[in-house]
Amino acid sequence: MRPQSFILVLSLLFFFLHCTKTLCQSPAAAPAMAPPKTPVKAPPADSSQAPSAQVATSPGPVDINKILQKAGHFTVFARLMQATTEDTELNKELNNTNNGITILAPTDSAFSTLKAGFLNSLSDEDKTELVKFHVLPAFISTSQFQTVSNPVRTQAGTGPRVTLNVTTTGNFVNISSGLTNASISGTVYTDSQLAIYQLDKVLFPLDVFTPKPPAPAPEPALGKPRKAAPDAESPTAPKDTSGAPALLFLLNNALLLAVSCAFGAIIYS
């Protein structure tokens, strides 16, 4: 019995030590969960520089201002066209003739890069020329920019101060005014007569924003040749006329005397 008692006591001691060790251990902490990551959003793209969705053609008269408003982010250019009545003139031309028109429309973002108050500082005449400088008096499709001849005439007139130069590299179209280099970034509207393209910068005409060359001096008027002044007479010694009255007096007296003598002879003969 003693060996069995010893084994029982040893078993109880082992069981007691095992329970004590288990109770003294603190429960393991649950692994901390990482906070959920917030997805980083990319900065919104500048919608005014992104290519516009092309405005579909609609039946009825063409209205350039409505097309620009429907396209969006052309508010400044549309207002400028209204203020100069250029939109009215172009609508008349498009609806009453078969003439083609191409408009290079700067976005609102393009105008926002200009100095504050810039447009207000322009005269009405300069605003009109600025708008017309963005209008080409012919319909030009995207493919025709590849073969267009420079310089390209604008509605602002002819001559190097109001014309544009077009260069292309693949589908990339660059337009230069001599002061500004701009790019066509999309097609806003096109039909068989009107094309409107989105421009990323405002085109500055040399005629408005650089000093005008001095006007040529007027040619002298061709008049009748002047008559030569008569030669001055060479100085001569003054004639001595101091004895003339005395001589005349003597002749008169002589004549009177002869008449008296004759008259006396007649009477007294």
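In the predicted model, R153 stands opposite T163 in β4. This pairing belongs to β3 and β4, which associate in the antiparallel sense over two bridges. On its other partner, β4 is joined to strand β5 (residues 172-176) by five bridges, and these two strands also run antiparallel. Within that pair, T167 stands opposite N174 in β5. The hairpin of β4 and β5 has two residues between the strands, and G170 in this hairpin takes a positive phi near 65 degrees.

The loop between β3 (152-153) and β4 (163-169) contains R161. A salt bridge connects R161 with D207, with the closest N and O atoms 3.2 Å apart. The two residues lie 46 residues apart, D207 being placed in helix α7 (residues 206-209), and the pair thereby links distant parts of the chain. D207 has a relative accessible area of 18%, so this residue counts as buried under the 20% cut-off. The count of salt bridges in the model comes to one.

Nonpolar side chains were examined next. In soluble globular proteins, nonpolar side chains tend to be buried together. The largest nonpolar core has 31 residues, and those with the most contacts inside it are I64, L68, I103, L194 and I196. Elements that give two or more residues to this core include the helices α2 (64-71), α3 (75-83), α4, α5 (108-112) and α6 (124-132). The strands β1 (101-106), β6 (181-190) and β7 (194-199) likewise give two or more residues each. For L194, the contacts beyond four places in sequence are V62, I64, I67, L94, I101, I103, F139 and Y189. A second, separate core has 16 residues, among them L136, V152, V166 and Y197.

A polar side chain also reaches I64, one of the residues with the most contacts inside the largest core. N91 is found in helix α4 (residues 86-96), and its side chain reaches the backbone nitrogen of I64 at 3.1 Å. Residues touched by N91, leaving aside those up to four places away in sequence, are V62, D63 and I64. V62 and I64 are also among the residues that L194 touches. N91 is classed as buried because its relative accessible area, 13%, is under 20%.

Conventions: Residues numbered from 1 in each chain as written. Predicted model: local features only at pLDDT ≥ 70, side-chain atom pairs only at ≥ 80, totals over all residues. Heavy atoms only, no water. Salt bridge = Lys/Arg side-chain N within 4 Å of Asp/Glu carboxyl O. Helix = DSSP H or I, 4+ residues; strand = E, 2+ residues; numbered from the N terminus. Buried < 20%, exposed > 50% of the residue type's maximum accessible area, 1.4 Å probe, protein only. Polar contact = N/O pair within 3.5 Å; in protein donor to acceptor, adjacent residues only side chain to side chain. Contact = heavy atoms within 4.5 Å. Pairing = 2+ DSSP bridges. Core = buried A, V, L, I, M, F, W, Y, C linked by side-chain atoms within 4.5 Å.
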